Amino acid sequence: MRRWHGLDEVPADWGRSVVTIGVFDGVHRGHQRIVADACAQAAERGMRSVVITFDPHPDEVVRPGTHPPLLTTARRRIELLERLGADAVAVVPFTLELSRTPPDEFVRQVLVERLHAAHVIVGEDFRFGHRAKGDVALLKELGAKYDFTAEGVPLVANGDTISSTLIRGRLETGDVASAAHALGRPHRVEGVVVRGHQRGRALGFPTANLETRPHTAIPADGVYAGWLVCDSDRYPAFRWPTAISIGTNPTFEGAGERTVEAYALDRTDLDLYGEHMAVDFTARIRDTLKFDSIEALVEEMHRDVDRARELTAEG
């Protein structure tokens with residue numbers, strides 16, 4: 001498997017290939033089907049398969065501040081795409097200059113001159129070129145001009161129509177189980193562990209407070225069951241059942257800042273400050289509540305931990 005950062009890294013002798021191209025935010029089951037189709041068709045033709053993705057998200061460049069919450073970091077997205085079996089993943093820097101490239105020129109520069117595309121598979125709503133004027137119909141026309149075929153396919157897996165927009169909507173309501181079904185795995189939120197108010201530690205539940213990246217798709221406020229994940233020198237291949245709290249801690253005075261906090265069940269020995277961690281969400285336990293007393297909060301936290309233990313027992 002090859003990873004190219006920019007098309008300049010594509011070898012000059014790269015042969016004809018089957019290409020799929022898109023943002024692939026989330027790398028959900030619909031995306032997985034497209035990549036699988038590209039790999040299968042490449043094998044049938046005796047060619048190699050290439051996945052093209054973009055970083056940063058095109059909306060971040062074209063319409064700053066209007067792009068949707070991101071389901072995956074760029075690093076995570078590339079890792080997931082690589083696992084799908086393509087021969088190469090090309091990460092193309094998305095710039096204003098690229099966004100202003102006319103559709104014909106985009107196809108010629110990217111698909112023809114660099115990747116020698118023989119066949120191109122995209123989602124049926126794929127758009128490309130300046131002002132997103134290019135669509136699947138135009139891609140097919142340009143394919144006839146430049147000697148490749150193209151097809152637009154629906155983002156469907158096992159009869160389910162899937163989109164990144166749909167998954168974001170599920171997360172906004174806290175339905176992480178449905179989001180996981182569409183993704184084909186639990187939704188993940190990543191961040192560096194920073195010092196918070198340390199209220200959890202004082203109550204007997206030390207939590208990892210994640211400082212997430214801007215524009216991260218964070219589920220609705222509430223308490224969830226899931227997994228705390230890390231792979232560092234200090235905690236290699238670490239994966240631990242976890243209770244996760246998202247919200248503003250309304251029981252405490254001065255609450256207001258929204259946080260993502262994860263308590264690794266029954267672990268009080270972890271030193272996670274400064275570690276890059278991830279939380280995988282598997283099930284929603286309850287809404288965020290304001291309690292009349294700290295004692296009532298602690299009682300509920302014990303019930304949350306018991307429920308999280310049950311929900312993660314099989315995984």
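What distance separates the centres of domain 1 and domain 2, taken over C-alpha atoms? In this predicted model, the two centres lie 36 Å apart. The domain assignment places domain 1 at residues 2-161 and domain 2 at residues 188-312.

**Interface between the domains**

The size of an interface is often given as the accessible area lost when the parts come together. For domain 1 and domain 2, the area buried between them is about 700 Å², with 51% of it on carbon and sulfur atoms. On the side of domain 1, Thr73, Arg75 and Arg76 supply 51% of the area that this domain buries against domain 2, more than any other three residues. The contact involves eight residues of domain 1 and seven residues of domain 2.

Polar interactions also cross this boundary. Five residue pairs are in polar contact between the domains, counting residues at pLDDT 80 or more. The rule finds one salt bridge across the interface. A salt bridge joins the side chains of Arg75 and Glu190, at 3.5 Å from N to O. As for composition, the side of domain 1 that touches domain 2 comprises four nonpolar, two polar and two charged residues.

**Internal cavity**

Rolling a probe the size of a water molecule over the atoms shows where empty space is left. A search of the whole structure yields one cavity of 30 Å³ or more. The largest cavity holds about 40 Å³ of space. Its lining includes Gly26, Leu71, Thr72 and Arg76, together with Leu183, Arg185, Pro186, His187 and Arg188. Arg76 thus appears in two settings: among the lining residues of the largest cavity and among the three residues named for the buried area of domain 1.

The classes of the lining residues are tabulated below.

| Class in the lining of the largest cavity | Number of residues |
|---|---|
| Nonpolar | three residues |
| Polar | three residues |
| Charged | three residues |

Definitions and conventions. Residues numbered from 1 in each chain as written. Predicted model: local features only at pLDDT ≥ 70, side-chain atom pairs only at ≥ 80, totals over all residues. Heavy atoms only, no water. 1 Å grid on protein atoms, 1.4 Å probe; cavity = no way out; pocket = protein on both sides within 12 Å on 5 of 7 lines; lining within 4 Å. Points joined across faces, edges and corners; volume = space filled by probe spheres on them. Nonpolar A, V, L, I, M, F, W, Y, C, P; charged D, E, K, R; others polar. Domains from an automatic or database assignment. Contact = heavy atoms within 4.5 Å. Buried area = accessible area lost by both parts, 1.4 Å probe. Salt bridge = Lys/Arg side-chain N within 4 Å of Asp/Glu carboxyl O. Polar contact = N/O pair within 3.5 Å; in protein donor to acceptor, adjacent residues only side chain to side chain.
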